[in-house]
There are 2 protein chains.
Amino acid sequence: MSDFSITRLEAGSADFAQDLDAVLAWDEAEDAAIHGRVMDIIQRIRKEGDAALVELTRLYDRFEVANASGLELSREELKRAWNSLPSDSADALMKAGERIRLYAERQKMESWRYSETDGTVLGQQVTPLDKVGVYVPGGKAAYPSSVLMNAMPAKVAGVPEIVMVVPTPGGETNPLVLAAAYLAGIDRVFRIGGAQAVAALAYGTETVPRVDKIVGPGNIYVATAKKLVFGQVGIDMVAGPSEILVISDGGTDPDWIAMDLFSQAEHDEDAQAILVSPDRAHLDAVESSIRRLLPTMERAEVIRASLSRRGALIQVRDLEEAAQVANRIAPEHLELSVEDPESLAGRIRNAGAVFMGRYTAEALGDYCAGPNHVLPTSGTARFSSPLGVYDFQKRSSLIFCSPQGADQLARTASVLARGEGLTAHARSAEYRIAERT
Amino acid sequence: MSDFSITRLEAGSADFAQDLDAVLAWDEAEDAAIHGRVMDIIQRIRKEGDAALVELTRLYDRFEVANASGLELSREELKRAWNSLPSDSADALMKAGERIRLYAERQKMESWRYSETDGTVLGQQVTPLDKVGVYVPGGKAAYPSSVLMNAMPAKVAGVPEIVMVVPTPGGETNPLVLAAAYLAGIDRVFRIGGAQAVAALAYGTETVPRVDKIVGPGNIYVATAKKLVFGQVGIDMVAGPSEILVISDGGTDPDWIAMDLFSQAEHDEDAQAILVSPDRAHLDAVESSIRRLLPTMERAEVIRASLSRRGALIQVRDLEEAAQVANRIAPEHLELSVEDPESLAGRIRNAGAVFMGRYTAEALGDYCAGPNHVLPTSGTARFSSPLGVYDFQKRSSLIFCSPQGADQLARTASVLARGEGLTAHARSAEYRIAERT
């Protein structure tokens, strides 16, 4: 462990802003070669449909089927996966699913209207999307919890058809993932992945239906494909590496804090775990806990790499300054491991999810507290929100003018349209004026 | 006018789906040269800041200042523009602004929370974005109504700082635009445009503040720059050409319908205006109105080009089929020029804004009905919504576990985390279990 080190910063130092920028720096690699290959794959799927999908799945996933119908998994197969789950896993998934559903219900947007005295009605009509695609990665990054987190808000929104795609390299399926798909009530599942799966969902093939939005995490090919099909379909955020920021007042067991940092760092070497505290002795104690606990971790190498490359322990003057640091970072996950998390939470503007108090470990939120674990990363919490039911609903403005209302509005519109030189607009409005004055 | 023709389709014909696809086809040009030039501009602004901004503004806008502070317009200058407006224009802008504000107030999202029996609290904290940038085009496409539509929802959301950028080619300012900026309460205005203005807002320079989201329309350089800085900042939709779909039951004056179609077609040659009706004689009558009225229009050439290239008159079996066509097209603007627009609106799932009844011309909504005129184009109403207050707010999930709540959740999280092989997650959760059972 002698080679382990973690960045220490002081918010009061002259170079702090620059040093913090360096710790946070994350430049998404723009790989022109990958971009070109993904464009080719999308073009092939658009032109050749199922035939290309079958061929690319054979090529990239080493999974061979006689025709595209062989790519679909039946509801019966999902049910078998569910029935073969150990009972503690099934029980835990059901508990998590139920809490995710209950929280999501609160997010549902409702239509509204109001009438004006002249009889004109204005409103907003909310409808669910028609069809949604959920991308689920294959192999070791396949998480049943992610299936629930991505699919259940769509279900609660009332999306009539949810289509899941999941690659099955070498033909191998992941029973936990299929069981979660069964529990989430996913309508159709296709054994496809990569850019070809994203293209199939975006444009449709003879077998795979075209959807209106694609959500879910994936590798660089999937992320690139999602960016390229955006506009043709909606997409969720393109996620960067996962991050946690812990603000501790010094009163939490240093081992707890260390393990909370580990729980983020174990995701991958690019994950970021940062602790902020006004208490220097506490920062030292957590660093000691890290050194003592690290060798006991199953994913010690990943954690070590993540913490030494991108981790940091930051000393601040007080909790007010800690809140400022948090707002500057806009972390995906923010733990307020302090005596009075309510007052601190009120000072937080930018964060994907806020875990309040010493007992609220981020891991509880990752699995089963209820709120979604798909959260804005890389500082995008400055302007975006957790995945939610609202991502699977859309709004249409409603305008229903009474003849009297139209008369009044038309007079205003006519002046403005003529001011902008748009005379067809003006004349269209003027037809609705009851009588010229 | 002998050379004018407009596409006629019948929804019942065998080739209808294909023919409709051909009418709707719109491939956004992906220009590699523009992409490269925009990337260079962004890099220069990031590296050289103000110096590059001054130089590029001199180069592209032929507007020269000694240093970057000369790029800013003072609140005093905006006020002068407001005071010099003709009173009918000022009055119309104020009426429009007030209605936009009243509608926007209804969209405001509020924070919420709920408690569980064991004392655990879950919620969603809603906060405004810190800083927003509004891009306003220069020259002939500069619309004061767009300034109000883009800025007022941000104002209602409570955004503390709204920064507007508007190019002033040759140093010429647009008094209507500046007056609208004054009315909307914009905090700072810079006389910059193009990719350099987008880059300055996204990354900040010594003079221009870095914002959290950039909204507003622009040319291909602006649109490309917005796509490239997305992730660094939020952006609104990248808009395609404007569209209207009118569903008429045959009972509306054909001249009114023709003028409503013109009001869309006059925007530019790529704009799309489509009429759907079950009444063949009515379609003929509207076509006659188009031929008769077209020569009287100031923007006749643009309208003629738009209608012959991208317009269509579509005959359907009944209004039910008309609704299906509308849901397939997912138009930006949808007029329901029918006797019973309520029952038809209930069958519409995909549309940016719905204008109900014979009196509700789209032009009324463009200027002053209240709902936003920034709407999803090119079929993206399938998955996205009008610009609204919600675009300038964001949500953070709140989780505050009581010790008892944490104990229960930790048991579930532990099972799921171990199932996924994430043992640091599991151990972090297990620290919160009160006593092992």
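Hi everyone, let's begin right at the boundary between the two chains: across the interface of chain B and chain A there are 65 residue pairs in polar contact, counting pairs where both residues have pLDDT 80 or more. That pLDDT filter is there because what we are looking at is a predicted model.

Which element gives the most to the side of chain B that touches chain A? That is helix 5 of chain B, residues 87-107, with 11 residues.

Staying with the interface, 109 residues of chain B are in contact with 109 residues of chain A. The area buried between chain B and chain A comes to about 10,200 Å², and carbon and sulfur atoms give 57% of that. If you look at chain B for the residues that lose the most area to chain A, you will find B:Tyr367, B:Arg382 and B:Arg432, which together make up 8% of what that side buries.

Now for charges. The interface of chain B and chain A has 10 salt bridges. One you can pick out on the screen joins the side chains of B:Arg349 and A:Asp130, at 2.8 Å from N to O.

Over all chains, the structure holds 62 salt bridges. For an example inside chain A, take A:Glu161 and A:Lys131, whose side chains meet at 3.9 Å, N to O. This pair links distant parts of the chain: A:Glu161 sits in strand 6 (residues 161-165) of chain A and A:Lys131 in strand 5 (residues 131-135) of chain A, 30 residues apart.

So much for contacts; how are the two copies related? Chain B can be laid on chain A by a turn of 180 degrees and a shift of 0.0 Å along the axis, with an RMSD of 0.0 Å. That is why we can speak of a two-fold axis here. The same surface serves both copies, with 100% of the contact residues of chain B recurring in chain A.

Next, a sheet that takes strands from both chains. It is an open sheet of nine strands with mixed pairing, in the order 3(A)-4(A)-15(A)-14(B)-13(B)-10(B)-11(B)-12(B)-1(B). At the edges you have strand 3 (112-115) of chain A and strand 1 (7-10) of chain B, each pairing on one side only. From one strand to the next, the twist averages 20 degrees.

Where do the chains join within that order? Strand 15 of chain A, residues 393-400, pairs with strand 14 of chain B, residues 353-356, in the parallel sense over four bridges. Within that pairing, A:Phe400 has B:Met356 as its bridge partner.

There is a helix to look at here too: helix 13 of chain B, residues 319-329, lies across strand 10 (243-248), strand 11 (272-277) and strand 13 (333-337) of chain B. Helix 13 of chain B runs at about 170 degrees to strand 10 of chain B.

Last stop: an open sheet of six strands in chain B, ordered 2-7-6-5-8-9, again with mixed pairing. Its edge strands are strand 2 (72-73) and strand 9 (234-235) of chain B, and each of them pairs on one side only. Strand 2 of chain B pairs with strand 7 of chain B, residues 188-190, in the antiparallel sense over two bridges, and B:Glu72 has B:Phe190 in strand 7 as its bridge partner. Packing on this sheet is helix 9 of chain B, residues 220-229, which touches strand 5 (131-135), strand 8 (213-215) and strand 9 of chain B. The direction of helix 9 makes about 160 degrees with that of strand 8 of chain B.

Thanks for listening!

Key: Residues are numbered from 1 along each chain as its sequence is written. Chains are lettered from A and ligands numbered from 1 in the order in which they are written. This is a predicted model: local features need pLDDT of at least 70, side-chain atom pairs count only at pLDDT 80 or more; totals for chains, interfaces and linings use all residues. Side-chain values use heavy atoms; hydrogens and water are left out. Two strands pair if DSSP finds at least two bridges between them. Contact means heavy atoms within 4.5 Å. Axes are lines fitted to C-alpha atoms, for helices over the stretch in contact, and angles run from 0 to 180 degrees between N-to-C directions. Copies are superposed by least squares on the C-alpha atoms of residues with pLDDT of at least 70 in both. Buried area is the accessible area (1.4 Å probe) that two parts lose on being put together, summed over both. A salt bridge is a side-chain nitrogen of Lys or Arg within 4 Å of a carboxyl oxygen of Asp or Glu. A polar contact is a pair of N or O atoms within 3.5 Å; within protein, one must be able to donate a hydrogen and the other to accept it, and residues adjacent in sequence count only if both atoms are side-chain atoms.
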